[in-house]
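Please walk through the strands, one helix and an internal cavity of the protein shown below.

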Amino acid sequence: MQKGMHKVNNRFNISEEYIRQSHAAMQEIYGMLQQYREESGRQLLAYTHVYGCQQNVADMELLRGMLAEMGYGFTEKEEDADLILMNTCAVREGAEYRIYGNLGALKRYKEKNKELRLVLCGCMMQEPHVLEYIRNSFPYVDVVFGTHNLVHFPCLLLENLRRRKRVIEVLEDADAIAEGFPVKRDNPYSASVTIMSGCNNFCSYCIVPYTRGREKSRAPEHILQEVQELAANGCKEVKLIGQNVNSYGKDLDCGVTFAQLLRKINAVDGIRRIQFITSHPKDLSDELICAMAECEHVCRSLHLPFQAGNNRILKEMNRKYTKEGYLELVGKIKEKMPDITLTTDIIVGFPGETEEEFADTLEVMRQVEFDGVFSFLYSKRKGTPAADMPDLVSKEEKQENFEALLKLQEEIGYRRNQIYVGKTCDVLVEGPSKNDSAMMSGRSFHGKIVHFPGTEALTGEIVPVKIQRAKTFYLVGERIE
């Protein structure tokens with residue numbers, strides 16, 4: 001393996017030899033850590049921190065699985081760790097600054113513990129200017145790798161442990177998603193399952209195609225095997241993950257569409273709920289809408305980002321649909337599933353967006369009546385087409401529009417939640433409420449957050465709850481015994 005930064009100009013081949021090397025490295029590190037444990041009487045501990053999207057969370061579960069296989073234990077305290085692993089996000093500028101700040105703070109732990117290993121990975125590492133900054137500004141980071149060589153992490157760590165020199169390996173892309181690696185999930189009843197990675201859409205504001213590469217789908221048999229194993233171990237809910245799940249299978253020769261994959265997973269005994277994110281409106285087919293409506297375990301909730309309601313802005317964003325097309329699609333969805341819960345993403349302040357154009361976004365919100373909105377002020381990402389677009393709209397105007405959007409959604413969200421008062425919802429209990437330990441919290445089949453009095457013993461169970469009150473962002477009820 002070449003030491004230092006190793007880049008390729010095409011897709012890297014995830015070969016059997018590449019995978020074999022990683023498994024062998026895990027076994028060698030396990031031996032090293034076992035010897036240390038026997039000599040010192042102490043197990044080495046890892047601290048992990050993940051930023052960003054659900055895909056990053058799923059990636060961290062894979063990395064934690066590898067760490068466990070290598071013999072590491074885990075700690076929730078940075079100061080107790082012998083290895084600190086940070087999985088980074090490049091979607092918004094603020095996340096990058098937080099990571100730089102955290103890296104600076106970690107230097108003191110490195111000074112106290114010379115054996116501490118600092119490991120940095122994820123989307124930020126795929127940006128050349130960020131990688132160069134990390135290389136020059138944080139020389140005490142031991143291992144750096146990107147999104148396309150996650151499964152090579154054991155090899156990189158082993159090289160660092162052997163040679164005591166920093167190791168950097170960032171690949172431009174890979175030809176497949178590697179199979180057969182351990183995954184460490186903390187939640188036994190609800191699991192994220194990656195079905196694909198990468199994106200071919202190239203929205204003008206988005207860095208993801210540059211950090212995640214082209215679309216790569218997992219073979220359906222591998223996905224089904226993972227879901228079946230989860231169900232056999234008591235998992236009740238699976239969340240299918242991908243940058244654009246609607247495009248699943250287009251790069252495979254098996255002919256299985258995402259709608260067909262949903263039907264196959266719906267038939268797995270023991271799986272009670274199926275969710276998926278994220279969907280692109282241009283790829284959401286009639287076939288998929290029918291599959292959602294007909295599969296009893298597919299949740300009646302859909303996250304369908306529209307980003308902006310004005311056609312000129314949508315064209316500048318390279319979203320490949322219009323306001324009218326989006327509303328027509330929503331009409332089809334509601335016709336098949338009148339009780340559907342819809343959530344969305346909205347960008348406020350895209351370069352050049354005028355007051356009149358922003359008003360079109362508010363109009364879409366009023367017509368659709370989303371149950372939830374994830375809204376963001378536009379964040380310029382170096383290397384994307386939108387970063388070079390002229391923008392004469394002031395920050396103050398953008399902030400005012402952002403606040404107007406939040407106010408409108410609070411009104412809509414509260415009104416939508418009122419519909420559930422007096423109804424009974426089946427709630428998958430996630431654990432105690434963060435704000436009130438006497439209350440348990442979970443989600444309904446429609447994706448609604450529900451709080452109700454109960455005990456922690458209910459965690460992981462699906463229980464009926466009669467809704468008594470509606471709040472802006474959640475529901476409150478009583479469990480039906």
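**Helix, sheet and cavity**

In this predicted model, helix 13, residues 395-418, lies across strand 13 and strand 14. Relative to strand 14, helix 13 runs at about 175°.

The two strands under discussion belong to an open sheet of three strands, arranged in the order 12-13-14 and paired in the parallel sense. Its edges are strand 12 (301-303) and strand 14 (372-377), each of which pairs on one side only. From one strand to the next, the twist averages 15°.

The pairing within this sheet can be followed at strand 12. Three bridges link strand 12 to strand 13 (residues 341-348), and the sense is parallel. At the level of single residues, L302 stands opposite L342 in strand 13.

Further along the chain comes a hairpin. Strand 16, residues 439-444, pairs with strand 17, residues 449-453, in the antiparallel sense, over five bridges. M439 has P453 in strand 17 as its bridge partner. Four residues lie between the two strands of the hairpin, and G447 takes a positive phi near 80° there.

Strand 17 also pairs with another strand. It runs parallel to strand 19 (residues 475-479), and two bridges join them. Here H451 stands opposite V476 in strand 19. Strand 17 is thus described by two pairings: antiparallel with strand 16 and parallel with strand 19.

What remains is the internal space. How many cavities of 30 Å³ or more does the structure hold? There is one cavity of that size, and the space in the largest cavity is about 30 Å³. Its lining is made up of E237, R273, Q275, C299, S301, R443, S444 and G447. By class, the lining residues divide into one nonpolar, four polar and three charged.

Which strands each supply at least two residues of this lining? They are strand 11 (273-277) and strand 16. R273 and Q275 are among the lining residues, and strand 11 spans 273-277. R443 and S444 also line the cavity, and strand 16 covers residues 439-444.

The cavity can also be placed against the elements already described. G447, with its positive phi near 80° in the hairpin of strand 16 and strand 17, is one of the residues that line the largest cavity. S301 is another lining residue, and strand 12, an edge strand of the open sheet, spans 301-303.

Notes
Residues numbered from 1 in each chain as written. Predicted model: local features only at pLDDT ≥ 70, side-chain atom pairs only at ≥ 80, totals over all residues. Heavy atoms only, no water. Pairing = 2+ DSSP bridges. 1 Å grid on protein atoms, 1.4 Å probe; cavity = no way out; pocket = protein on both sides within 12 Å on 5 of 7 lines; lining within 4 Å. Points joined across faces, edges and corners; volume = space filled by probe spheres on them. Nonpolar A, V, L, I, M, F, W, Y, C, P; charged D, E, K, R; others polar. Axes fitted to C-alpha atoms, helices over the stretch in contact; angles between N-to-C directions. Contact = heavy atoms within 4.5 Å.
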